[in-house]
Amino acid sequence: FECQTNTDIMFLFSQLDSEINRAAGSRNKYNIITGLNSIDNIEFLKPMANKIRNSLLANGVKNIVCVFDENSSHDERWHSGHQLQRENYSYIIEAMLNNPFLGVVFKPKKVSTLRKRLGPVNDLLIKAEKTGRCYVFENSGVHVSNIPAVLGAMVSDVVIHGHLSAGTAGIESAMLGKPT
């Protein structure tokens, strides 16, 4: 139900996306297939991606993992709960802290609430950032991050998408040829 749309015009990635949208019960007058246009800005993002990647590499990193965080809610009935995000973050941070060749890039969907949602795990995140091998995309729009997901993918060697109910960031990363 939460994925249904009812609008005059719906822009979708593909015919399969359109079929999934209809099967979910959506009622759109027109479904327009645009393709995946979010990877059109790669050339513009390359300098920033290289700067972040080189910063991590300068601190001894050999492999970089990008983690997409799809947000969380205090009420687990409506979204993944904060505890799941805390477990996800602490798991990868501890792996990074135990492996001096591992770097991590976090791209949270809603960075403005990230540190509060992480609770005590935020202290672990700060410790990771101090190593110079962990980077958090901190820029945000009014409601969600204004950083394109592909930027995180461009910085990394492999991508982990933390939530299967919203896989756009993972799809975009895979389209770049990143193991996702």
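Student: Which residues of helix α3 are the buried ones?
Tutor: They are His82, Gln85, Tyr89, Ser90, Ile92, Ile93 and Met96. Buried means under 20% relative accessible area, exposed means over 50%, and partly exposed lies in between (1.4 Å probe, protein chains only). Names like α3 come from DSSP runs, H or I of at least four residues for helices and E of at least two for strands, numbered from the N terminus. This is a predicted model, with residues numbered from 1 along each chain as its sequence is written. Local features need pLDDT of at least 70, side-chain atom pairs count only at pLDDT 80 or more, totals for chains, interfaces and linings use all residues, and side-chain values use heavy atoms, without hydrogens and water.

Student: What covers the buried residues of α3?
Tutor: The cover includes β3, β4, α4, α5 and β5. Contact here means heavy atoms within 4.5 Å.

Student: How do you know what α3, with its 17 residues, should span?
Tutor: Take 1.5 Å times one less than the number of residues. That gives 24 Å for α3, and its end C-alpha atoms are 24 Å apart, so the two agree.

Student: Why is asparagine 28 called buried?
Tutor: Its relative accessible area is 16%, so asparagine 28 falls under the cut-off for buried. Asparagine 28 sits in the loop between α1 and β2.

Student: What makes polar contacts with the side chain of asparagine 28?
Tutor: The side chain of threonine 5 does, at 3.1 Å, and so does that of asparagine 31, at 3.2 Å. A polar contact is a pair of N or O atoms within 3.5 Å; within protein, one must be able to donate a hydrogen and the other to accept it, and residues adjacent in sequence count only if both atoms are side-chain atoms. Both distances therefore fit that limit.

Student: And glycine 162: why is it called partly exposed?
Tutor: Its relative accessible area is 28%, so glycine 162 lies between the limits for buried and exposed. Glycine 162 is in the loop between β6 and α7. Leaving aside neighbours within four places in sequence, glycine 162 is in contact with Phe68 and Asn88.

Student: How do you know that β3 and β6 pair?
Tutor: Two strands pair if DSSP finds at least two bridges between them. β3 and β6 have four, in the parallel sense, so they count as a pair. One of these matches joins valine 65 to valine 158 in β6.
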